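Visitor: Pick one helix pairing in this model and take me through it closely, please. Then show me what sits around it.

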Amino acid sequence: MLSPVIDVFRLRQYFNVITRTRQVAELVRNDAGFLHTVRRALVTLPFESAIAVETQPFPDPAPRRLDQALHGRRFGLVATGGSGALASVVGVWRALEESHITPDVVAVCSGSSLFGFPLAAGIPAEEVAEFTLGLRTQDYVDVNWGGLASLAFDVGRGFAGMVVGERIEETYRRLLGDMTLSELPIPCYAPIWNIEENRLEYAGPRTHPDLPVARVIRAAIAIPLFIDPVHIDGLHWCDGGIVDIFPVRPVLEIEEPVDVVLAVNGFYPPNFDGESAYGWRDARASVLRIASQVRTSQQIELARTNLERLRAETEVMMIEPVPYSQVMGAGFYKHFIDRSSWPDFMRAGRADALHALRSWAGRGRTEGAANQRGARVARKSAAPGRSSARKGTTKSSAPGKAARSKSSSRKSSAKTSSPTRKAPPRQPRRTSTTRRTT
């Protein structure tokens, strides 16, 4: 009986419970409105109207072609999880549309699946924004009342999530129909985790071609204890972001590797830096203060490793449109239930992506111009040899009719003279290559 309780692999579970409890308690204490938001999500009173959220967040487009900067190279989009904060992906896609860039492959995770899959299905960013911002909480939150009751009456037998998740799938079926992963115009992948076999897979066109996109979206956001696992082929699947929050394998291995990547971080501090825990020994309940460090240690280290690998193999533009302070702690749950900040997240995604893309294209033009200057210098350094050769050739064949008449009068004696010296062959032109930057 004692052995399972003190199993070393349960350590992170205990810290996870401690951390989540502290986060929710702090949010409740600091933001009384959170309780009101949760209550309205669970029970809407007859006299309450739906919370109005703007559905047209973007200004008029400002097209500026940047696709030439790719020079035919493959482009990928990779996004972390991060609940509603990843509404910023819609703004990122709008920036790509305005830049005339279409990703060759997309990798999303958890919350970004809600937005990335519809975009990869070929729906314009403006329409995805209107669809997601027009949702009501009851369109994607169906409380698992039966499971919650089992906690009291059946010791939680079969309970795995406070939200069933069926409404999420139904809502996205209204948008996408029965489209399967193989039918996506742009390949899109999301990590999903299998409970029975403790195994991570990446659901996408090459791995699970026949799965409906709507069902994959539901599985990709099924965080254990929050949303019930999804039954697929006799097994139960959950949000793979609990293992791999920054999935790069789809853009580097599963699909043909890409050359340029726009990466969106909406879950951790910039560049996947860890939270600061300095001074933890001086705080009361010291071990509780570092609970989140223990809970996220493996996940964030894998994210750093993936980012390092991505930078080693591709050109990477990394953006963080939503401040970490917005998504840390219980803010993760708040921005899933409360969509009022989603329009701002979308606008931030567009602005940051446009800035990153234009800076990247500008660097490419600068390096291209430098390479062209270098090529001209190289050609000039080889010019004297070719010039002298041309001069020598010119002397042996003077221009004009007089030269041709003199040449014809000397044909009889040319047999005994030495042959005319031929000009050396032209050297091939040196080509320049654009140096890859990361």
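**A helix and its neighbours**

Guide: Helix 5 and helix 9 run roughly antiparallel to each other (angles over 145 degrees get that label, under 35 roughly parallel, 65 to 115 roughly perpendicular, and the rest oblique). Helices here are DSSP runs of H or I with at least four residues, strands are E runs of at least two, and both are numbered from the N terminus.

Before going on, some ground rules: this is a predicted model, so local features need pLDDT of at least 70 and side-chain atom pairs count only at pLDDT 80 or more, while totals for chains, interfaces and linings use all residues. Residues are numbered from 1 along each chain as its sequence is written, and side-chain values use heavy atoms, leaving out hydrogens and water.

Back to the pair. Helix 5 covers residues 113-120 and helix 9 covers residues 213-220, with an angle of about 160 degrees and axes 9 Å apart. Those axes are lines fitted to C-alpha atoms, for helices over the stretch in contact, and the angles run from 0 to 180 degrees between N-to-C directions. The crossing is right-handed, meaning the near helix is turned clockwise from the far one by less than a right angle (anticlockwise would be left-handed).

Where they meet, Ser-113, Leu-114, Phe-117 and Pro-118 of helix 5 face Val-213, Val-216, Ile-217 and Ala-220 of helix 9; contact means heavy atoms within 4.5 Å. That contact has seven nonpolar residues, one polar and no charged ones (Ala, Val, Leu, Ile, Met, Phe, Trp, Tyr, Cys and Pro are nonpolar, Asp, Glu, Lys and Arg charged, and the others, Gly among them, polar).

Helix 9 also packs on helix 8 (residues 166-176): their axes come within 8 Å and cross at roughly 145 degrees, again right-handed. Here Glu-166, Glu-169, Tyr-172, Arg-173 and Leu-176 from helix 8 meet Val-213, Ala-214, Arg-215, Ile-217 and Arg-218 from helix 9. This contact splits into five nonpolar, no polar and five charged residues.

Follow Arg-215 out and you reach His-231, which touches Arg-215 and His-236, not counting residues up to four places away in sequence. His-231 sits in strand 7 (residues 230-232). Because its relative accessibility is 45%, His-231 counts as partly exposed (buried is under 20%, exposed over 50%, partly exposed in between, with a 1.4 Å probe and protein chains only).

Zooming out, the chain has 17 helices and ten strands, and 47% of its 438 residues are buried.
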